[in-house]
Structure formats: structure tokens, C-alpha cells
Amino acid sequence: DYRIVMSDITERKQAEEALRASTVRHEAILMTAMDGFWLVDMQGRLLDVNQTYVRMSGYSVEELLSLRIPDLEVIETAADITDHMQKVMRLGEDRFETKHRRKDGSVFDVEVSVQFRSGEDGMFVCFLHDITERKQAEEGLRVSEERLRAFLNNSAVIAWLKDEQGRHVYLSENYQRRFGVRLQDWIGKTDFDLWPRDVAEVFRQNDLAVLASDQPVEVVEESRQPDGSSAWWLNSKFCLRDSAGNSYVGGLGVDITE
């Protein structure tokens, strides 16, 4: 006597198909993402990577899956990495900058965004963005600024910078030496806080003319020495704007008193 029991498994098959389709979509996204991708276990072993990180590192997928984080990390030691992983486990996520070593031995800068996925087998999901070009640009800007600062600080020309409200934001070192002042005492203060009113009014009117016209001007201005005597300066004033659209009045001055 046979009995046939049939169950409707339509919903289960639909769920399985939806999961498969979702997995395929996620894999496609990871494989074509602009950022590198790692899946890392609790021992720091790479369980999965995408093609972007393959291109970034120069390793093949098979080679990367035989490596651990210390094989690629340049800045942190193995002990540092362990401490960092424990920190991410506590916080749940982290974002930081570091350096990785390619297969050919060269080094590149990366920004890492990592999340910890808890469970029976905890794992770290990492997205890695190559920031080499940005870091090179930042270093180039830093070197350029150092050269300009060294030039201004050691030349006969004094330099300063004020915001639209007339508050000082920069004084060259030779400006500070010339008037016996310190930048930390002047920053955020206007000419009316620092000079006699008649002197400050001339400075401010000339600054406002530069801001209004957006054109450089060359003027002769009087200042007062620490001993109370007057000095005369040929000052070139000009307008500067930063990336946020804020305007500043810059100045370069030469002592023409003699």
C-alpha cells in the first residue's frame, strides 16, 4: 500500500532563486567596483578579493588568496594589525589610510573602509581605495608651500594675509621680526586692534578697494615702528579666493623709508 506525499515548494524555490540572483548581482558589483574588495577571516587571511584589487596589487586572485594582511601591509606590524582588528571588532567599523606593497615591491597609498560582520565565523569586509595620486598631489602642494614660505621668510619683502573682515590669518616670519610681533597674537585681529586708528583706517580703505575691484593695487602706506617712529612701505595688495569661495586680501611690502 503506497502513499504519495507531495509538498508545494514553490516559495522555497522562489526564495532560492532570489538569493541566487542577489548573490550574482553582488558578485558583479564587487568585481566591477572602482574600489578594491577584501573578505578577511579572524586570522587575517584573505578569503575573497575582486579584480580591482588584483589590478591595484599586481597579484593574481590565487596568489592573493594565499596571503594574509601582513604580507601586503607596509605601515602596521603584525602586532599592530592584530590590535587594529580587535579595535574594529569592538567598534564595528573603521576608516583609515595606510600603504600596501604590490607584487613588484612598489608601494601605493590606500584608504581602507572596514566593517566587522559578527557570527559563528566572524569576518571583515574591506573596501580599499587607491589614493596614490591624491597623496602625491598633497605632497607636491606641501613642498610648494614650504618653498614659498622659505622664500617669503628670508626675503626683504614682508607678507601678510587678511580675510574679508580684515582679520589677520597669516604673517611672514620676517614681518613678525620686523615689527616685533607674533602671529599667534595677531591672528584673528584687525588693524584697528593693532595699529593707531589713523593708520588702521588707511589700511582698511585700501583693502576694501582691492576687494571691491578684484584688482591688485600698489600703494604707499605708513606704519608705526615699535619705538613709535614712522616707516613708509610700498605695498602691493591683491585679492585671493580659496576653494570654498572665501576672499582674502594678500599683501607684499617693501620698506622705502630711507
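Trainee: Which residues are linked in a network of salt bridges?

Mentor: In this predicted model, the network of salt bridges links Lys162, Asp191, Asp207, Glu221 and Lys237. A salt bridge is read from distance, since a side-chain nitrogen of Lys or Arg has to lie within 4 Å of a carboxyl oxygen of Asp or Glu, and by this rule the count comes to 22 salt bridges.

Trainee: How far apart are the closest N and O atoms of Asp94 and Lys87, and is Asp94 buried or exposed?

Mentor: The closest N and O atoms of Asp94 and Lys87 are 3.8 Å apart, and the two residues form a salt bridge. To read the surroundings of such a pair, one looks at relative accessible area, where buried means under 20%. Asp94 has 17% relative accessibility, and therefore counts as buried, whereas Lys87, at 33%, counts as partly exposed.

Trainee: Which residue forms a salt bridge with Glu97, and which parts does the pair tie together?

Mentor: Glu97 forms a salt bridge with Lys135, with 3.1 Å between the closest N and O atoms. Here one should look at where each partner sits: Glu97 lies in strand E3 (residues 93-101) and Lys135 in helix H6 (residues 132-154), so the pair ties together parts that are 38 residues apart in sequence. Glu97 counts as partly exposed at 39% relative accessibility, and Lys135 counts as partly exposed at 27%.

Trainee: What does the salt bridge between Asp109 and Lys99 look like when read in that way?

Mentor: The closest N and O atoms of Asp109 and Lys99 are 2.6 Å apart. Because Asp109 lies in strand E4 (residues 107-117) and Lys99 in strand E3, this pair ties together parts that are 10 residues apart in sequence. Asp109, at 11% relative accessibility, counts as buried, while Lys99, at 31%, counts as partly exposed.

Trainee: Returning to helix H6, how many ångströms should its residues span?

Mentor: One takes 1.5 Å a residue, by which the 23 residues of H6 should span 33 Å, and the end C-alpha atoms of H6 are 33 Å apart, which agrees. As for direction, an α-helix has 3.6 residues a turn, so residues three or four places apart point the same way.

Trainee: Which residues in H6 are buried, and what covers the buried residues?

Mentor: Thr132, Leu152 and Asn153 are buried in H6. What covers the buried residues of H6 includes strands E4, E5 (123-130), E6 (158-163), E7 (168-171) and E10 (247-255), together with helix H7 (173-179).

Definitions and conventions:
Residues numbered from 1 in each chain as written. Predicted model: local features only at pLDDT ≥ 70, side-chain atom pairs only at ≥ 80, totals over all residues. Heavy atoms only, no water. Buried < 20%, exposed > 50% of the residue type's maximum accessible area, 1.4 Å probe, protein only. Helix = DSSP H or I, 4+ residues; strand = E, 2+ residues; numbered from the N terminus. Expected span 1.5 Å × (residues − 1). Contact = heavy atoms within 4.5 Å.
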